[in-house]
Amino acid sequence: MSGEPDGPEDRVRRFATIWSRAIFPVTATSLTRPEFEQQLVPLARRLRAALHERIFESAEGQAIGAALVGTHCTDPEALSRTLDCVDAYLVLYCGDDGPQEELRARCARLQHAVAAGFAAALRERTLIEQEAISRAALNARSAVAEALHASEARFRAVFHGAAIGIGIADLTGTVLEVNDALIRMFGGLENQLRGRNVADWTHPDDSPHVWKLYDELVRGEREHYRVEKAFYRPDGTVLWTNLTVSLLRDADGVPQYQLALMEDTTERRLLNLRLRYEATHDALTGLPNRTLFFERLEKALAAGDGARFGLCYLDLDGFKTVNDSLGHAAGDRLLVEVADRLQSCATAPGEMVARLGGDEFVALTTGRDTEVEVDELAGRIMHALSTPIRVEGRELTVRGSIGIVEGPAGERGAAEVLRSADITMYRAKSAGGNRFELADPEADARAITRHGLTTALPAALERGEFFIEYQPLVHLGDGSVRGAEALVRWLHPQHGIIGPDRFIPLAEHTGLIVPLGRWVLEESVRQARTWKARHKDAGPLRVNVNLSPMQLNHPGLVSDTVEILERVGLEPGALCLEVTESALIGADDDLLKPLRRLAEMGVDIALDDFGTGYSNLANLRRLPVSILKLDRSFTQGMQHFPADPVDLKIVEGIVALAHSLDLAVTVEGVETGAQADQLRELGCDTAQGWYYARPGPPDQLHELALADAVS
């Protein structure tokens with residue numbers, strides 16, 4: 001912890017001060033407020049640490065909630081005020097300028113964990129107190145029995161002075177005596193208790209087991225029983241009790257009376273219900289939260305034969321923009337309105353809506369016809385979101401992407417179902433959003449594999465799992481090898497060799513393409529230097545390295561390239577950087593400036609996949625390129641003789657245009673001798689493809705180059 005002014009420790013203590021001021025008025029402690037604040041400082045530090053943990057552990061939040069009970073904060077208001085303080089001030093004072101969205105999400109999960117820990121600790125404390133009361137009740141029962149047999153005076157003293165409710169009835173159930181505590185519990189009217197029959201006090205929440213135990217007791221088959229039972233008071237309110245009923249026998253052992261001992265548990269039950277509600281419902285929207293949703297989903301998945309389920313996983317499109325532009329308060333109001341609309345879409349039996357966090361919601365339907373119902377539910381949700389929502393005087397159009405999973409119960413677990421729905425939702429979002437998609441097991445498997453590869457990419461680069469193969473570039477005029485294109489591969493421990501088409505987009509998405517591209521560039525330049533040193537007779541061999549759009553925008557492109565060339569000792573003319581046509585469509589001068597600087601140094605720039613985009617051919621004059629790489633799609637019609645005359649005319653025109661601009665032409669995908677002959681006649685300069693060699697290790701290129709030199 002820093003001891004500097006306004007350091008982390010100072011901000012923790014500031015948070016502890018606010019927290020203590022909020023909850024001190026509702027505590028049962030004998031400490032002063034500053035003394036009480038000192039008790040909260042360690043808990044504040046633990047909250048800050050939990051907020052920044054790399055992996056969230058709900059157990060720590062629960063432990064903090066339990067520790068709060070240990071500081072005599074047993075009033076539900078203390079928990080409510082604690083959660084309000086955590087929500088309003090924890091990220092503000094202890095967030096340390098971290099990613100706000102992640103911190104707010106972690107803070108919400110932390111609040112739920114604290115509430116759950118508080119509830120569990122309070123429940124344990126209550127059980128301990130209840131045990132003590134129960135022992136007192138049993139002692140009272142023994143005292144009453146002894147008094148009945150010994151002294152009426154002593155009996156009356158114990159009976160009326162007891163802190164718990166006591167009633168005596170005969171074996172027919174008629175109430176004979178009630179004490180003052182019991183009268184108070186039922187509203188203070190003795191005449192409404194004495195003379196009534198216990199059978200009149202049935203309640204809809206009574207289980208059949210309660211009255212079965214009663215019948216066994218009055219028949220003398222049982223000495224006592226204990227149950228939790230509700231009663232209606234004369235004013236219609238409900239009284240919840242822990243009820244112990246014992247059989248009293250005379251001196252000869254014949255059943256004579258029944259003795260009831262009642263402990264009022266109404267407030268405790270209401271507190272538990274409130275804590276349960278807060279632990280299972282979202283504080284902002286009032287919807288069930290992730291905890292309650294998982295309980296319901298697991299119950300649905302454990303249903304019997306023939307039962308099915310349908311799940312809609314919703315993520316709002318563009319919600320972050322609303323938060324960033326209008327603020328979190330407006331975002332919260334938007335979420336509340338969305339929650340209300342979703343709630344109105346799931347009103348049928350077996351349907352529920354929950355908020356998982358942020359702008360993610362789920363809707364669940366159960367029954368035997370969910371194949372139809374879940375589609376209808378998704379349709380109702382999309383329709384409900386179609387009407388604009390008014391927030392702070394603005395009408396906001398809300399759209400959502402929904403992933404749907406439907407199937408029979410009992411085949412999958414809750415976590416697997418939710419993961420599938422999440423993956424499907426992202427598939428809907430990737431397709432443009434404002435739509436719903438059905439889960440596809442094959443697509444799920446691909447997505448899971450893609451996620452695994454994305455996660456493994458950084459470590460793969462550190463462990464040296466990437467390697468480079470080289471495909472020769474052959475001069476069409478004399479057939480000599482002029483260089484090679486460097487093609488990176490990934491030797492994955494489980495999946496084997498993975499081609500760039502699978503992992504380069506993932507590297508682009510994660511930003512790893514920059515360090516990976518720098519590694520490929522350095523390895524390729526080293527290889528070109530090795531070729532030059534070992535095979536001088538083979539002539540100069542140039543290496544072609546691909547640049548991704550993200551690398552083009554990286555400010556270190558020029559400096560990294562210059563540093564690598566100088567350190568390795570390779571002249572710039574032996575390096576060619578390939579840039580796709582699509583990456584340069586509409587490129588402004590700022591994007592082209594690094595390429596111009598490299599071209600001025602002597603590095604060749606090749607326009608890769610030429611012909612696949614829709615760029616204006618006039619743009620070629622302003623691009624700093626010296627080579628056009630013609631896409632393989634233009635040469636497929638030349639694999640057999642005679643070649644497609646249209647393809648010939650197109651390639652002939654492109655070659656003439658390129659040469660008029662002083663550009664060389666390289667052709668990709670040459671697979672037959674007929675193609676090579678046609679391209680040579682059309683004036684193409686160099687070619688690459690399986691006709692010459694597949695991508696392979698650098699030694700293969702050495703052999704080809706040496707063979708050319710000898711011949």
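These are my notebook entries on a predicted model of a single chain.

**Ground rules**

I number residues from 1 along each chain as its sequence is written, and my side-chain values use heavy atoms, with hydrogens and water left out. Because the model is predicted, I accept local features at pLDDT of at least 70 and side-chain atom pairs only at pLDDT 80 or more, while totals for chains, interfaces and linings use all residues.

**Entry 1: overall shape**

I looked up the secondary structure and found 24 helices and 21 strands in the chain. Helices here are DSSP runs of H or I with at least four residues, strands are runs of E with at least two, and both are numbered from the N terminus.

I then checked the spread of the chain. Its radius of gyration is 39 Å, well over the 27 Å from the globule rule for 711 residues, so the chain is more spread out than a compact globule. The radius is taken over C-alpha atoms, and the rule is 2.2 Å times the number of residues to the power 0.38. I noted spans of about 130 × 65 × 55 Å for the C-alpha trace along its principal axes.

For burial, I read that 47% of the 711 residues count as buried. Buried means under 20% relative accessible area, exposed means over 50%, and partly exposed lies in between (1.4 Å probe, protein chains only). The areas come from the Shrake-Rupley method.

**Entry 2: salt bridges**

I counted salt bridges next, and the structure holds 42. The criterion is a side-chain nitrogen of Lys or Arg within 4 Å of a carboxyl oxygen of Asp or Glu.

I picked out Arg-104 and Asp-87, whose closest N and O atoms are 3.1 Å apart. This pair links distant parts of the chain, with Arg-104 in helix H5 (residues 100-150) and Asp-87 in helix H4 (residues 76-94), 17 residues apart. Arg-104 is partly exposed at 31% relative accessible area, and Asp-87 is partly exposed at 34%.

I also looked at Glu-223 and Arg-249, which meet in a salt bridge at 2.6 Å, N to O. Glu-223 sits in the loop between helix H8 (208-218) and strand E3 (224-232) and Arg-249 in strand E4 (residues 238-249), so the bridge ties together parts 26 residues apart in sequence. Glu-223 is partly exposed, with a relative accessible area of 40%; Arg-249 is partly exposed as well, at 25%.

My third pair was Asp-677 and Arg-680, with the closest N and O atoms 2.9 Å apart. Both are in helix H23 (residues 673-681), and being three residues apart they are separated by about one helical turn. An α-helix has 3.6 residues a turn, so residues three or four places apart point the same way. Asp-677 is partly exposed at 38% relative accessibility, and Arg-680 is partly exposed with a relative accessible area of 38%.

I noted one network too: salt bridges that share partners join Glu-485, Glu-578, Lys-629 and Glu-668.

**Entry 3: a negative patch**

I looked for charge on the surface and found a negative patch formed by Asp-369, Glu-371, Asp-375 and Glu-376. Patch residues have over 30% relative accessible area and no salt bridge, and like charges are joined within 9 Å. Asp and Glu count as negative, and the place of the charge is CG of Asp or CD of Glu. Asp-375 belongs to helix H13 (residues 370-386) and is partly exposed at 32% relative accessibility.

**Entry 4: helix H16 and positive phi**

In helix H16 (residues 500-510), I found Phe-503, Leu-506, Ala-507 and Glu-508 buried. Gly-511, just after H16, has a positive phi of about 85°.

I then looked up residues other than glycine. Most of these have a negative phi. Asn-434 has a positive phi of about 55°; Asn-434 lies in the loop between helix H14 (414-430) and strand E12 (435-438) and is partly exposed at 39% relative accessibility. Asp-662 has a positive phi near 65°. Asp-662 is in the loop between helix H22 (645-660) and strand E20 (664-667), and Asp-662 is exposed, with a relative accessible area of 68%.

**Entry 5: a contact across the sequence**

I checked Gly-304, in the loop between helix H10 (290-301) and strand E6 (308-317). Gly-304 is partly exposed at 49% relative accessibility. From Gly-304 to Ala-409 I noted 7.4 Å in space, C-alpha to C-alpha, and 105 residues in sequence.

How values were computed. Patches are made of residues with over 30% relative accessible area and no salt bridge: like charges are joined within 9 Å, nonpolar side chains (Val, Leu, Ile, Met, Phe, Trp, Tyr) within 5 Å. Accessible areas come from the Shrake-Rupley method with a 1.4 Å probe; for residues, only the protein chains shown count as cover.
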